[in-house]
Amino acid sequence: MAIRKPNKLPQAAVLKQILKRCSSLGKKNVYDGNELPLDVPKGHFAVYVGVYRSRYIVPISFLTHPEFQCLLQRAEDEFGFDHDMGLTIPCEEAVFRSLTSMIR
């Protein structure tokens, strides 16, 4: 069993790291000059969910909700945040849609 080192960064710094990772959304998207996807509105970010890695655009405000933070923790535990696909949430799509509909 691996021992996790405690996260000593303040929550704001952790959220900034997550958002920075979210801007890496794959090679098929159209990007502006700042390497941000054009199809993601300001104040939102993309996540990939489910077996088929369906893409969802969610508001940044979700990052402050405890339920969404649990999903982010699961994503970090399962995939880490250092990969090229973008932020992948280990969750069934139906569960993700249900959760996000409650958060809104």
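**Exercise 1. Work out which way helix α2 faces.**

*Solution.* On one side of α2, Pro66 and Cys70 are exposed, where exposed stands for over 50% relative accessible area, buried for under 20%, and partly exposed for what lies in between (1.4 Å probe, protein chains only). Helices (H or I, at least four residues) and strands (E, at least two) are DSSP runs, numbered from the N terminus. Phe68, Leu71, Leu72 and Ala75 of α2 are buried. These four cover an arc of only 100° around the axis, which places them on the same side of α2; the arc is taken from the directions leading from the helix axis to the C-beta atoms. As background, an α-helix has 3.6 residues a turn, so residues three or four places apart point the same way.

The model is a predicted one, in which local features need pLDDT of at least 70 and side-chain atom pairs count only at pLDDT 80 or more, while totals for chains, interfaces and linings use all residues. Residues are numbered from 1 along each chain as its sequence is written, and side-chain values use heavy atoms, with hydrogens and water left out.

**Exercise 2. Check the length of α2 against the expected span.**

*Solution.* The expected span of a helix is 1.5 Å times one less than its number of residues. For the 14 residues of α2 (residues 66–79) this should give 20 Å, and the end C-alpha atoms are 20 Å apart, which agrees. Just after α2, Gly80 takes a positive phi of about 75°.

**Exercise 3. Describe the sheet and the helices that lie across it.**

*Solution.* Begin with the strand order, which is β2-β1-β3 in an open sheet of 3 strands with mixed pairing; two strands pair if DSSP finds at least two bridges between them. β2 and β3 (87–89) stand at the edges with a single partner strand each, so one side of each has no neighbour in the sheet. Next, β1 and β2 run antiparallel and are joined by 6 bridges. Ala46 belongs to strand β1 (residues 44–49) and is buried, with a relative accessible area of 0%. Finally, helix α2 lies across β1, β2 and β3, as does helix α3 (residues 93–103).

**Exercise 4. Decide where the model calls for caution.**

*Solution.* The mean pLDDT (the predictor's confidence in each residue, from 0 to 100) is 77 for the chain, and 62% of its residues reach 70 or more. Confidence is lowest in helix α1 (residues 11–22), at a mean of 60, and highest in strand β2 (residues 54–59), at 94. Where pLDDT is low, the predicted coordinates should not be read in detail.

Notes:
Contact means heavy atoms within 4.5 Å. Axes are lines fitted to C-alpha atoms, for helices over the stretch in contact, and angles run from 0 to 180 degrees between N-to-C directions.
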